[in-house]
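Please look over the sequence and the model shown here before reading on. The paragraphs after it offer a guided path through the fold.

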Amino acid sequence: MKNRTSKKTGSATSARHLRRRAVSVMGLVSLLAPGLAQAQEAGAPAATATSTELEAVTVTVRRRAEDSQRVPTSVSSVKGNDLEDKRITQVQDLQQVLPSANAAFMHTRVSSVAVRGIGSNPASEGLESSVGIYVDNVFYARPGMLAIDLVDLEQVDLLRGPQGTLFGKNTTGGVLSLTTRKPTFQPESSISLSAGNRGYYQALASFSGPLSDTLAARLSLARTHDDGWVKNTYNGHRNNSIDRDGFRAQALWKPSADFDLRVIADYNHENDSQGTMVPYAFGPAAPGKLTWTQEITGPGGWAPNPDPKEYKVSIDSDQQAKVHQDGLSAEANWHLSNGFEVTSITAWRDWIFRPKNDGDASTLDRTRNTGYNVNHHQFSQELRLASPKSETFDYVVGGYYYWQNITSGLFQDAGTVGLPAPFFKLRDYGESTTNSYSLFAQGNWHITPRLDLTAGLRGTYEIKEARVRRALPVAAAWDSGNLEVRDFSPSALASLSYRFTDRFMGYSLFSYGEKSGGINISGVNQGPQLGADSLKIDAEKATNFELGFKSEWLNRRLTVNSNIFLGKIKDYQTTGFEPLNNAPVTMLTNAGDAETYGLEFDLKARPVSGLSLSLNGSYNHARYTKFESAPCSAELQALGKANGTCDLSGKPLVGAPDWIVNLGGRYDWFVGEGVSQYLVANYAWRSEAEGFIDDSRFARIPSYGLLNLATGWQFGSGQNRWDISLWVRNALDKRYFLTALGGSASNGGGGYSASAGTPRTIGLTVKLDF
């Protein structure tokens, strides 16, 4: 079926405007660099190589340290210092510096990270993310585990397309890998204090140094608070507050050049009101149904604010997201005398979530509290062998084991206006255990000094066991009994690269990956109506093709990387509807098929000493090629055309903008002896995207751009160096939204709510490095 695309004139015009800006910036780069060279030839003071050459980026995406420019795959990297400059400390803000990335965030449980449109899956304890998340080589099974303060980072890498061959869990969208700073054998410490509007403050500290000649340690601390940016007109309080703190303690033992051991323990705690959704759109109701406005303006109700950009709600129940997370990992590396390296990574993680939600999003005493209590525990063990780097052939082989136990408890407490009866209580419970085993191998054949062939294969066997039951109300009690899903999931990769010159490499790549099937334990859902087997979901399969190049120009003052891609996804896991007695039942299912294709680019430049520029972005055409059991939008329900389900074949994937463009820069200059000043600017723009899975125009997220600015002064000498900065995030105070929900629309009421993005934040940061 031919895919259809609808573009708004405003979005297309904005896209053309940004492309013209990008061309102008890179034109400036090409003009400045030759001028600098002429000035040097004429006897002008020449900038040092370290100040004019771009810093080399080292990645370990093939499980050995390599220059990113020589790795034949689409990967974008951001240094931790760059994230600090741009004041990016939340996972949902990473999309402002990475191409083809989208973060849909409500709170820690209901969040997702998507790459090329793949990964905006519904929150379910029975499913894994389509995008694998790794921190220091440890797999984080839930995207919400990354809803912490991202501090003391060395680097963030985004790999696009299936990456299951060498990573611990098969992923169909890509991999987001974070590397934290290691303990050092030279003392280094820093303390940073920030304050801003809305009661915002953040305190960060890092201490590193030797405990002996062979043992070093590092301690990182973080505490963040924000009063919140959603006003509750019912009681005058602010919601969407942030209150979280955590620490990371590390030890690095190097008794000899042949062995090193890194142990990491971390803990993070959150207790705030993240997840407050604002009324976003009021579409028409289905025949015979009340509109959302009519539902919540009954006796004791309220008239919702018609403008979602005012960020207002009126709810009479508590809103809370409480999270405890901890982990312990150990990475051991043996450097053998024959050049081989053996690596062992052992890790344990816990994640506990306790929410409070006003289920009716109004002042009606209908639903006093609802949500999911979740307990997640996981253990993983990876063992791999890497051969010496060879002029002809080198390889990595290994094995991986993963265990997970997760429980989910749905609760709903009705009030005096409760349905079907006052003080009605609902209790659903689910539990799932996963055992996953895999073997993998990947090799690089250096056919000639310039031509390389890389091939990899992975086999994963998983057993998932689960049980779901309803305890209340007693009259509707139900038990699924023991359920089991067994899957064998292969992954494969093949790439061919050729270095036309030492500074220009072209490559082609094929990759295939599968995301494991599962069992929906997030509530009984369709089980009683459709049977226990309807809770099972098949594996999601992805095939990816890429053609790209990586290049360096102007004596490494400019890097230009770009690629085109085509991805085909079969049995895409998402929310669907199953008609039952003319009343569709919501269920997790394999929707059908999807396709993504487009272009990605990543440019970095340092045209003159002190000036750094970056430009990255993507065009991504992500569409369902087959989705015949989709939920119907409010407008289709109002026309009476729903018939239980709708066909969204050819429609855009939810949360997948066609265009993403991120432009940034930093300029440093001396203002006096021992004092320098810097200016940092970053502009992130994305085109409109579908906000909810039913493809309703009422839930659509308009295009938006965010401007972040900062200026600061650095001074001091020796080990003591101060940095004082003034900064503003979302400088133009753009009111934007991250994702939408259709709770009312799904029930025929036509209403949608949305997650409000952070408004303008102005602040001051004082940092001391010592």
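The account below moves from the whole chain to selected strands and then to a single residue.

The model is a predicted one, in which local features need pLDDT of at least 70 and side-chain atom pairs count only at pLDDT 80 or more, while totals for chains, interfaces and linings use all residues. Residues are numbered from 1 along each chain as its sequence is written, and side-chain values use heavy atoms, with hydrogens and water left out.

The protein chain contains seven helices and 42 strands; helices (H or I, at least four residues) and strands (E, at least two) are DSSP runs, numbered from the N terminus. Of its 770 residues, 59% are buried, where buried means under 20% relative accessible area with a 1.4 Å probe, counting protein chains only. The chain exposes about 30500 Å², and carbon and sulfur atoms supply 57% of that area; accessible areas come from the Shrake-Rupley method with a 1.4 Å probe. Among contacts (heavy atoms within 4.5 Å) in the protein chain with a separation of 6 or more, 69% are between residues 24 or more positions apart.

Strands of a sheet pair through backbone hydrogen bonds, either parallel or antiparallel. Here, two strands are said to pair if DSSP finds at least two bridges between them. An open sheet of five strands follows the order β3-β8-β9-β6-β7, and its pairing is mixed. Its edge strands, β3 (75-79) and β7 (138-140), each pair on one side only. On average, neighbouring strands of this sheet are turned by 20° against each other, direction ignored; the angles are taken between N-to-C directions on a scale from 0 to 180 degrees, with axes fitted as lines to C-alpha atoms. The edge strand β3 runs antiparallel to β8 (residues 153-160), joined to it by five bridges, and Lys79 stands opposite Gln155 in β8.

Further along the chain, β30 (residues 540-553) pairs with β31 (residues 558-570) in the antiparallel sense over 13 bridges. These two strands form a hairpin with four residues between them, and Leu554 in the turn has a positive phi of about 55°. Within the pair, Phe545 stands opposite Leu566 in β31. Strand β31 is also joined antiparallel to β34 (residues 592-605) by 13 bridges, with Val560 opposite Leu603 in β34.

Finally, His269 lies in strand β16 (residues 259-272). His269 and Arg244 are 25 residues apart in sequence, yet 5.5 Å apart in space, C-alpha to C-alpha. Leaving aside residues up to four places away in sequence, His269 touches Asp243, Arg244, Asp245, Lys322, Val323 and His324.

Terms used: Buried means under 20% relative accessible area, exposed over 50%, partly exposed in between (1.4 Å probe, protein chains only).
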